[in-house]
Amino acid sequence: MRRVETAPLLPARDYAYYHQVLDGVRLPAAFVDLDALTANLQQLGKRAGRLPVRLVTKSIRSVEMMRMIMSAAPFVQGLLCYSAAEAAWLASLGFDDIVVAYPTVDARSLVKVACQLRRGRSITLMVDNRAQVQAINEVAVTQGVVMPLAIDLDMSSVFPGLYFGVHRSPTNDEASALALAAAIAASQGVELQGLMGYEGQIAGLMDAVPGQAIKNVIIRFLKRRSIAQVNKRREQVVHALRRAGHTLRFVNGGGTGSFESTRLDPSVTELAAGSGLYAPTLFDHYQAFELTPAAGFALPVTRTQAPGVMVCSGGGYIASGPAGKDRLPQPWLPGGWRLIDNEAAGEVQTPLRGNLDDALNIGDPMLFRHAKAGELCERFDELLVISNGRVMERVPTYRGEGKNFF
C-alpha cells in the first residue's frame with residue numbers, strides 16, 4: 001500500500017477559532033492561515049526530496065506571501081511566472097531566477113524583460129515553436145540583449161479514443177525539440193537555457209475522490225500508463241539535446257500533485273509547486289498525499305430567508321477550467337451547509353441550505369474555500385495573514401498592487 005504523506009498536525013481549526021480571529025474584520029475578506037501553510041510547505045519539502053522547488057506565482061499572487069514562503073524554505077528556489085510582464089515586475093522588486101511558464105510575443109512585455117536583463121536579473125522565457133523564437137529574437141536584438149529561452153515539451157498522452165493531458169506545446173518528441181533548439185542556436189538574440197515538461201494530467205487531476213471509486217481506479221490506471229510514457233519522453237529529449245551540444249541549466253517538471261512520479265525521471269533538476277501551499281478544494285483528494293486547508297474567504301451572513309436557508313453577501317468566485325460544480329467555491333466552516341443548485345455562488349449573494357439548528361446570526365462570518373489557489377486573489381485587494389489565533393498582518397495581492405496581467 002502506498003504511503004500517504006500528510007502535513008504535520010496542527011491545533012484544531014474549527015469555526016470557533018476563525019470566528020474569534022475574524023471578530024471586527026470587515027467582510028468579505030480573504031485570508032491565509034500561516035500555520036497551515038507552513039505545515040503544507042514542510043510537507044512539500046519532504047516530498048521533493050533532493051530536488052529544489054520553483055514557486056508557481058499564479059498560485060500565490062501576493063508578493064509578500066512569496067517572500068514569506070521563500071524566506072521560510074531554502075528548498076524553494078526561483079519563481080515560475082505566468083506572464084512576461086509579471087516576471088519583469090517581480091524582477092524589479094528584487095526577485096531573481098525567474099522562468100515564465102507560458103509563451104509570449106507581446107513586444108511591450110518583452111521590452112520590460114530586456115530592461116531587467118540589462119540590470120542583471122535572470123528571466124527565462126518559454127517557447128514551443130519557431131514563430132515565438134523569431135518574435136523574441138527581434139526584440140532582443142533591438143534591445144541589445146540575449147534573452148534566455150526554455151523549451152516547453154508536450155507531456156500529454158494519447159491513448160486509443162482518449163487524449164489524456166493538457167493542450168500546450170506542439171514540441172512533443174526528440175525531432176521537434178532538436179529542430180526548435182537549432183532555430184534558437186541560429187538566432188543572435190536568444191539562447192537555450194532550459195526545458196520544462198509539465199505533466200498536467202498527473203499533477204492536477206484528483207485520483208481519490210469519495211463516492212467515485214470506479215473513476216478513481218480508471219484515473220490511477222491512466223496516470224500509471226502516462227507517467228511511464230511521459231517521463232521517458234522528457235528524459236530522451238533532454239539526452240538528445242545534450243548530445244547535440246545544447247546546454248540546459250535546468251529541467252523543470254511536475255506540480256503539487258505529481259512530485260512522487262516526476263522525481264522518478266533522473267533528467268529533472270527541479271520541481272514546481274504553488275497550489276500545495278494554499279490547498280484549494282481541487283487538491284483535496286489525492287492518493288499520495290493530504291494537504292491542510294490554508295486559504296479561504298469569509299462572507300457575512302446578511303439574510304435568513306427561510307428555515308434552514310441563510311444568505312451570504314458576495315461569493316461568486318468561480319474557478320477557471322471546465323464548467324462544473326467542482327469549480328464552485330465550497331462552504332467550509334461551520335460544516336453542514338451547502339450551495340443551492342439553482343443559484344450556486346452568486347455575484348452579489350450566495351444562499352446556503354443546512355440545518356436550522358446550526359444557522360448563524362446575521363453579521364456572522366461564513367467560511368468558504370476556493371476551488372483553485374491564486375485565483376481568489378483576483379477578487380481581493382489584501383490577504384489577512386492569520387497565525388496563533390490572530391491576524392498578524394495584512395498583505396496586498398496582485399490586485400491590491402494594481403496589477404492585472406491577463
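## Nonpolar cores

In this predicted model, the largest nonpolar core comprises 107 residues, and those with the most contacts inside it are Met-65, Leu-90, Leu-125 and Met-147. Helix H4, spanning residues 84–92, contributes the largest share of this core, with 7 residues. The core also draws on both parts of the chain: at least three of its residues come from each of domain 1 (34–275) and domain 2 (295–401).

Met-65 illustrates the packing around one of these residues. Setting aside residues up to four places away in sequence, Met-65 touches Val-32, Leu-37, Ile-60, Tyr-278, Leu-383, Val-385 and Val-395. A second core, separate from the one described above, has 11 residues, among them Leu-282, Ala-288, Ala-319 and Ala-371.

## Domain arrangement

The domain assignment divides the protein chain into domain 1, residues 34–275, and domain 2, residues 295–401. Taken over C-alpha atoms, the centres of domain 1 and domain 2 are separated by 32 Å.

The size of an interface is often expressed as the accessible area lost when the parts come together. Between domain 1 and domain 2, about 1,300 Å² is buried, and carbon and sulfur atoms account for 59% of that area. The contact involves 18 residues of domain 1 and 16 residues of domain 2.

## Polar links between the domains

Across the interface of domain 1 and domain 2, 1 salt bridge is found. In addition to the area and contact counts, the interface can be described by its polar pairs: 8 residue pairs are in polar contact between domain 1 and domain 2, with both residues of each pair at pLDDT 80 or more. On the side of domain 1 that touches domain 2, helix H2 (34–48), helix H3 (63–72) and helix H4 each supply at least two residues. The largest share of that side, 5 residues, comes from H3.

A salt bridge joins the side chains of Arg-61 and Glu-378, with a nitrogen-to-oxygen distance of 2.7 Å.

## The surroundings of Asp-265

Asp-265 is located in the loop that runs between helix H10 (259–262) and strand S12 (270–273). Asp-265 counts as buried because its relative accessibility is 2%, below the cut-off of 20%.

The side chain of Asp-265 takes part in two polar contacts described here. One, of 2.7 Å, is with the side chain of Arg-234; the other, also of 2.7 Å, is with the side chain of Ser-267. When residues up to four places away in sequence are not counted, Asp-265 touches Asn-231, Arg-234 and Glu-235. Arg-234 therefore appears both among these contacts and as a polar partner of Asp-265.

## The surroundings of Ser-169

Ser-169 occupies a place in the loop between strand S9 (162–164) and helix H7 (174–185). With a relative accessibility of 8%, Ser-169 counts as buried, since the term applies under 20%.

The side chain of Ser-169 is in polar contact with backbone atoms of Asp-152 and Thr-171. The side chain of Ser-169 reaches the backbone oxygen of Asp-152 at 2.5 Å, while a polar atom of this side chain lies 2.9 Å from the backbone nitrogen of Thr-171. Apart from neighbours within four places in sequence, Ser-169 is in contact with Asp-128, Asp-152, Leu-153 and Asp-154.

Methods: Residues numbered from 1 in each chain as written. Predicted model: local features only at pLDDT ≥ 70, side-chain atom pairs only at ≥ 80, totals over all residues. Heavy atoms only, no water. Core = buried A, V, L, I, M, F, W, Y, C linked by side-chain atoms within 4.5 Å. Buried < 20%, exposed > 50% of the residue type's maximum accessible area, 1.4 Å probe, protein only. Helix = DSSP H or I, 4+ residues; strand = E, 2+ residues; numbered from the N terminus. Domains from an automatic or database assignment. Contact = heavy atoms within 4.5 Å. Buried area = accessible area lost by both parts, 1.4 Å probe. Salt bridge = Lys/Arg side-chain N within 4 Å of Asp/Glu carboxyl O. Polar contact = N/O pair within 3.5 Å; in protein donor to acceptor, adjacent residues only side chain to side chain.
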